[in-house]
Amino acid sequence: MPRPNVLLITTDQHHRSVLGINDPAVKTRNLDMLAREGMVLARAYCPNPTCTPSRASIVTGQYASQHGAWSLGTKLLEDVPTIGDELRKAGYRTALIGKSHFEPLRSSSEFKSLESYPILQDLDFWRGFHGPYYGFDYIELARNHTDEAHVGQHYAIWMEEKGYKDWRDHFLQPTGKRTYVDRLRDAPLWRIPEEFHYNKWIAEAANKKLEEYAREKQPFFLWASFLDPHGPRILPEPWHEMYDPAEIDVPGPAPGEHDKNPPHFRYAQQTPSSPNKFKRFFHKLMSLLNSVTVVKYYNDFRKHGLPIQGLHGVHPHLYDKAKLAREIAAYRGMVSLIDKYIGEILQQLDRLGLADNTIVVFTTDHGDFYGQHGLVTKGPFHYEDLLRLPFIVRYPGKVPAGKTSDALQSHVDIAPTLMSLLGLPVPAFMAGVDQSGVWTGTEGQARDHVLVEMHHSPALVHLKTLVDRRYKVTVYNEATHGELFDLQEDPGEKRNLWSDPEFAGLKGKMLFQLVQAELKKDMR
């Protein structure tokens, strides 16, 4: 029997409910089929609800506080070991197609980035560069979300090779010709033809590699990394009108649900009415988050020689309900469009006779808000909507089909679990837990808690969360406020027990668990 292969498929910023298996209104025929043929892991969590840290955790099996890519604007250093490095040593071919986001859009004097300007759009460079890159011996990359001006790399080259010379018409200035006015006028329609959408490119490039691996009879680890449904929420026809906004129930906050939450939750529900007020809003929300002033925040980056980064989620979260319904409709359309091209990759496995010997893992980097708790996109708000993930694994004959597990999972577990399932030793640098027993149905659970970090400046903006089978606790750097939720009695997280005297003992127990988990995390 040849050695097993791995196909990892990810989306970007994907709320776990936006799948047909969780909401019949969402059309995801191929992912629904994958769930029927495999196992749904219903309590999977990201170790950090931002792109770079979470993606780096997938390939390293480490938390952001260990692998060092702790926020957007940082990079995963080239000497940090990855699962790709280990698999290449074991004779595997490794490839990444789509979004990596291991490096920032700006270089600094100390930390150079291949995905920074101007090299990001130097197509001659990318024509000649396909790796090695963070353990992948072959890469094809894109960095833009929909019409963003960051378009370039291998995606732009693919469009040109397909004969699409007018691709710049569909991307924002200064790279392209499109303006923000054009985007607002057309939304949710993005006028790029579907045949030149990056989902088509990812599926085509992934299938080409699968054909190569099958022909050469080589074991492989292939990551197909889709860039949607991360905003901007625009998409080509006819997908932009697949869902009717009038039929969507827009989530929102419960009355008084933020009364006992940390103050930045309540302040995020306000709307500044002018640019100057917006600036004051930013300053005020920063100070409420952890008693951190904006000057201290900016100086924190300067002191560490890093480009200053904005803080995700530090903005007004109030949305016009009708506008948000249109965004949710587009969001669902983006997921359905991805599902079509995931289907093309899965069908290629079947055509090539690879499906029975390939471990398929589907997940996302982190969740999303689209009105839940009165919030949108992401930020320093560790609700289940942002932390819990869609997660499906299929491995015919090994993973029981049609099963759902509520065992706690983390992205740091993916790398060690895959190593174990491939019959390879789990390297000491991986901090995650081997979940192979859970995935194959021989064990009920492999861990009793998950840890989540969010670290948005070198030394100041920092929060951590511990989730166990029932409870969740969140603490903030330089702050006495926090969150404590009973996920069994309050699954919607409407009642924060942090300051309730009746639950002081539970809070103390959870804080002790958090400290112990931090100590255990470093015992590798």
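The four-stranded sheet is where I shall begin. In this predicted model, four strands form an open sheet in the order S12-S13-S14-S15, and their pairing is antiparallel. Strand S12, residues 449-455, and strand S15, residues 482-486, each have a single partner strand and stand at the edges, so one side of each has no neighbour in the sheet. On average, neighbouring strands here are turned by 10° against each other, direction ignored.

Let me turn to one pair within that sheet. S12 and strand S13, residues 462-468, run antiparallel and are joined by seven bridges. Within this pairing, Leu451 stands opposite Leu466 in S13. A helix also packs on the sheet: H16, residues 504-521, touches S12, S13, strand S14 (471-476) and S15. The direction of H16 makes about 105° with that of S13.

I move now to the interior. As a general point, nonpolar side chains in soluble globular proteins tend to be buried together. In this model, the largest nonpolar core has 96 residues, and those with the most contacts inside it are Tyr155, Met159 and Trp439. Helix H12, residues 321-351, supplies the largest share of this core, with nine residues. Apart from it lies another core, of 20 residues, including Tyr45, Cys46, Phe265 and Phe369.

Which residues does Trp439 touch, not counting residues up to four places away in sequence? They are Met39, Leu41, Val361, Phe391, Val393, Val399, Pro400, Gln409, Thr417, Leu418 and Leu421.

Thr417, Leu418 and Leu421 bring us to helix H14, where they are among the buried residues. The others buried in H14 are Ile414, Ala415, Pro416 and Met419. Because seven of the eight residues of H14, which spans residues 414-421, are buried, the helix is largely enclosed by the rest of the structure. Just after H14, Gly423 takes a positive phi of about 75°.

Finally, I return to H12 and its packing against another helix. The axes of H12 and helix H8, residues 198-216, come within 9 Å and cross at roughly 10°. With that angle, H8 is roughly parallel to H12. On the H8 side, the contact is made by Asn199, Lys200, Ala203, Ala206, Asn207, Leu210 and Glu211. H12 contributes Leu337, Ile338, Tyr341, Glu344, Ile345, Gln348, Leu349 and Arg351. How many residues of this contact of H8 with H12 are nonpolar, polar and charged? Eight are nonpolar, three are polar and four are charged.

Methods:
Residues are numbered from 1 along each chain as its sequence is written. This is a predicted model: local features need pLDDT of at least 70, side-chain atom pairs count only at pLDDT 80 or more; totals for chains, interfaces and linings use all residues. Side-chain values use heavy atoms; hydrogens and water are left out. Two strands pair if DSSP finds at least two bridges between them. Helices (H or I, at least four residues) and strands (E, at least two) are DSSP runs, numbered from the N terminus. Axes are lines fitted to C-alpha atoms, for helices over the stretch in contact, and angles run from 0 to 180 degrees between N-to-C directions. Contact means heavy atoms within 4.5 Å. Buried means under 20% relative accessible area, exposed over 50%, partly exposed in between (1.4 Å probe, protein chains only). A nonpolar core is a set of buried Ala, Val, Leu, Ile, Met, Phe, Trp, Tyr and Cys residues joined through side-chain atoms within 4.5 Å. Angles under 35 degrees count as roughly parallel, over 145 as roughly antiparallel, 65 to 115 as roughly perpendicular and the rest as oblique. Ala, Val, Leu, Ile, Met, Phe, Trp, Tyr, Cys and Pro count as nonpolar, Asp, Glu, Lys and Arg as charged, and the others, Gly among them, as polar.
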